[in-house]
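Welcome, and thanks for taking a look at this one with us. Please keep the sequence and the 3D view open side by side as you read.

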Amino acid sequence: MPVVRFRLSDLKSTKASGASIAALVAGALGLAALTMSSVSFAQNIRGSATGPTTAKGYDHPDQFIHLKPVKPADNMYPVIAHSEQEQQARGKLADLERKTGKKPNLIVFLLDDVAWTDPGFNGGGIAVGNETPTMDKLANEGLNLTSAYSTPSCSPSRATIMTGQNPLHHGILRPPMYGEPGGLDGAITLPSILKKLGYVTRGAGKWHMGENRGSLPQNVGYDDYLGFLSVSDEYTEWRDQYFEPEIALSPSRFKMMEEAPFSHYEVHCTPTNTEQCENLKLIDLAYIKDLDKRWMDYSVDFIKQMKDSKQPFFLYHATRGCHFDNYPSDEWAGKSRARTVYSDCLVHMDYVLAQLVKALEDTGQLENTLILLTSDNGPECEIPPHGRTLFRGCKGSSWEGGVRVPTFAYWKGMIKPRRSEGLFDQADILPTFVSLAGKPGAQLAEFFPKTTYVDGVDQSGLLLADNGESARRERIYTLNQYFAMIRIDEFKYIWTAEIENGFFQKGDWGGFSGPIAVDTGGAVMVNLYTNPKEDVSTGLRHLPMGVPLAGAAASYIKDLVKYPPQFKIGVLNNNPPIYNLLPKVKDAIERFQQDQEEKYPRHQ
């Protein structure tokens, strides 16, 4: 093999421009290429068997599989840092605070069982029989997050919003029903942190994060809360002779339900009584119709009360609608084009949101208030009528239909109108809101002990920078007690999943009525852009993308080993997840994780 050499003295003796020197080097390299091309120079490194391609290709925003995220602290989820957009976000916040004299107001507007395709801003709305003009306007004038995620069911999602943790770390793996023990008890919550930062905290609507003393709203950071402690069907289904005649038409069984130790009332909760909430009116088949109007009036009154306050506020408004059983009032029955109780409810919820926005406008607070709308999970598919999604699966599953939810952030004058495919998890709400309140990034760790793991990341840059990208590289999917799936970019790797019609082939079935497969053949991966229905595996063909996903999963399993899961409200199951089989598999996990990080580094 010929070797091409030139001496440094050749360059020194060349009394010419840099271009001449470059020509000398190029000539030498050209000679080498001419003599060595058949031996050591690749002829077709990118293209097809018929020849190389001349297409340069493109990179796109929010695609980070090639990047290495870094943990802000050991007990915090790793992030993709975007220093310029984070500086832009801080600058906009500082300008607004100088103008208003206080930190921004923060609102979470949480819908119940509303699916990704139900509102108009994601293609539903009038096309499926329920116009949502207010939601559409705010989403189109704000940031529509097209890849935003909940957990598979309502209580885990609500606790994730409150704690910044996914269910494996906050421990509420499923909804507590009919007075079951367990809940937020002892958790550090978003309202408790915001209170320390000078916020007035108010909540209205569905709670469903525990009825025991330590889990009551007034004991986890709320100055005031009006709502109910459980879920719609708990108050209604056993009273309705059409839905459950076996109870409604049996005096002894009906009495058993009346005397059962769970809350039957709308409640008012304040720190003046930390032992219990005040019972207001019994929730029956008539009063259930009035709850969303009462809670709307309550939140509107609060917004008006805060008009001249020197303190900012946090409002958590969790609607009753549109969880079954939906009993529309006369004002809303038949109001939707579809004229179903579900669509009538969704039209009503759009009106509720409109009244909150109007109150902000009327009191001059709209420009200093972030409104984040989301849903606690995808459509409940076992009791029609219900929501609709273009993705596979329903509430109770970790398929996209069960957990990808309609979400937007609206902030007049602060958020540029756009759509983003950046990954966003409801766990991100706590770090983001705390950041907007003045404690960005790693400063969140000040509020948590080092033994508590925070799964959310600060997304203030995504929201506020003009073309902000997500700070999240990966999205962790949980299902009951399992770490089930992981997504990076458009790729989703799956090893635990619900088989929707695995037991029952007749009637309506959804995420709560199918068996769960806890193991796969090892190459189950889908491309969510080409296959949003998740019915074709691309694992074998696209292993170069699958291996980094497996490496990221191994890193998170290592975090689960170091920061073990909690099981406050669990699920009966015969198959413990891998991180509960320690110490037998600990060494194997560490060896696998080390090997993966060497090949596909994830974080330091």
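## A loop with two cis peptide bonds

Let's begin in the loop between E10 and H12, which is where Cys322 has its place. This is a predicted model, so please read each angle and distance below as a computed value. The peptide bond that joins Gly321 and Cys322 is cis, with an omega of about 15°.

Asp325 is also found in the loop between E10 and H12. A cis peptide bond leads into Asp325 from Phe324, and here omega is near 0°.

## The ten-stranded sheet

Next comes an open sheet of ten strands with mixed pairing. If you would like to trace it on screen, follow the order E9-E8-E7-E6-E10-E3-E11-E12-E4-E13. Strand E9 (278-282) and strand E13 (418-420) each have a single partner strand, so each is left with one side that has no neighbour in the sheet. From one strand to the next, the twist averages 15°.

Which strand pairs with E3 in the parallel sense over seven bridges? Strand E11 (residues 369-375) does, running parallel to strand E3 (residues 105-111). For a specific spot to inspect, take Phe109, whose bridge partner in E11 is Leu373.

## Helices across the ten-stranded sheet

Two helices are worth turning the view for. Helix H4 (residues 133-140) lies across E3, strand E4 (143-145), E11 and strand E12 (408-410). The direction of H4 is at about 75° to E12.

H12 lies across E3, strand E10 (313-318), E11 and E12. Relative to E3, H12 runs at about 170°. Between E3 and H4 there is a loop that holds Asp113. Asp113 is not a glycine, yet it has a positive phi of about 65°.

## The four-stranded sheet and its helix

There is also an open sheet of four strands, with antiparallel pairing and the order E15-E16-E17-E20. Its edge strands are strand E15 (474-479) and strand E20 (525-527), each of which pairs on one side only. On average, and with direction ignored, neighbouring strands of this sheet are turned by 20° against each other.

E20 runs antiparallel to strand E17 (residues 491-494), and three bridges join the two. Lys492 has its bridge partner in E20, namely Val526. Helix H16 (residues 543-562) packs on this sheet and touches E15, strand E16 (482-488), E17 and E20. The directions of H16 and E16 make an angle of about 135°.

## Disulfides

How many disulfides does a search of the whole structure find? The search finds three. A disulfide is a covalent bond between the sulfur atoms of two cysteines.

One to look at is the disulfide of Cys269 and Cys277, with sulfur atoms 2.1 Å apart. The link of Cys269 and Cys277 is right-handed, with 105° about the S-S bond.

## Cavities

Finally, let's look inside. The structure holds six cavities of 30 Å³ or more. The largest cavity has a volume of about 110 Å³ and is lined by 13 residues. Those that lie nearest its centre are Asp292, Arg320, Tyr327, Pro328 and His348. Which element gives the largest share of this lining? Helix H12 (residues 341-362) does, with five residues. By class, the lining of the largest cavity has six nonpolar, three polar and four charged residues.

The second largest cavity has a volume of about 80 Å³. To find it, you can select Thr151, Pro152, Ser153, Pro156, Pro167, Leu173, Arg174, Gly396, Thr478, Leu479, Asn480 and Phe512, which line it. In this second lining, six residues are nonpolar, five are polar and one is charged.

Definitions and conventions: Residues are numbered from 1 along each chain as its sequence is written. This is a predicted model: local features need pLDDT of at least 70, side-chain atom pairs count only at pLDDT 80 or more; totals for chains, interfaces and linings use all residues. Side-chain values use heavy atoms; hydrogens and water are left out. On a 1 Å grid over the protein atoms alone, a cavity is a set of points where a 1.4 Å probe fits but cannot get out, and a pocket is an open set with protein on both sides within 12 Å along at least five of seven lines; lining residues have an atom within 4 Å of a point. Grid points are joined across faces, edges and corners, and a volume is the space filled by probe spheres set on the points. Ala, Val, Leu, Ile, Met, Phe, Trp, Tyr, Cys and Pro count as nonpolar, Asp, Glu, Lys and Arg as charged, and the others, Gly among them, as polar. Two strands pair if DSSP finds at least two bridges between them. Axes are lines fitted to C-alpha atoms, for helices over the stretch in contact, and angles run from 0 to 180 degrees between N-to-C directions. Contact means heavy atoms within 4.5 Å. A disulfide is a pair of cysteine sulfur atoms within 2.5 Å.
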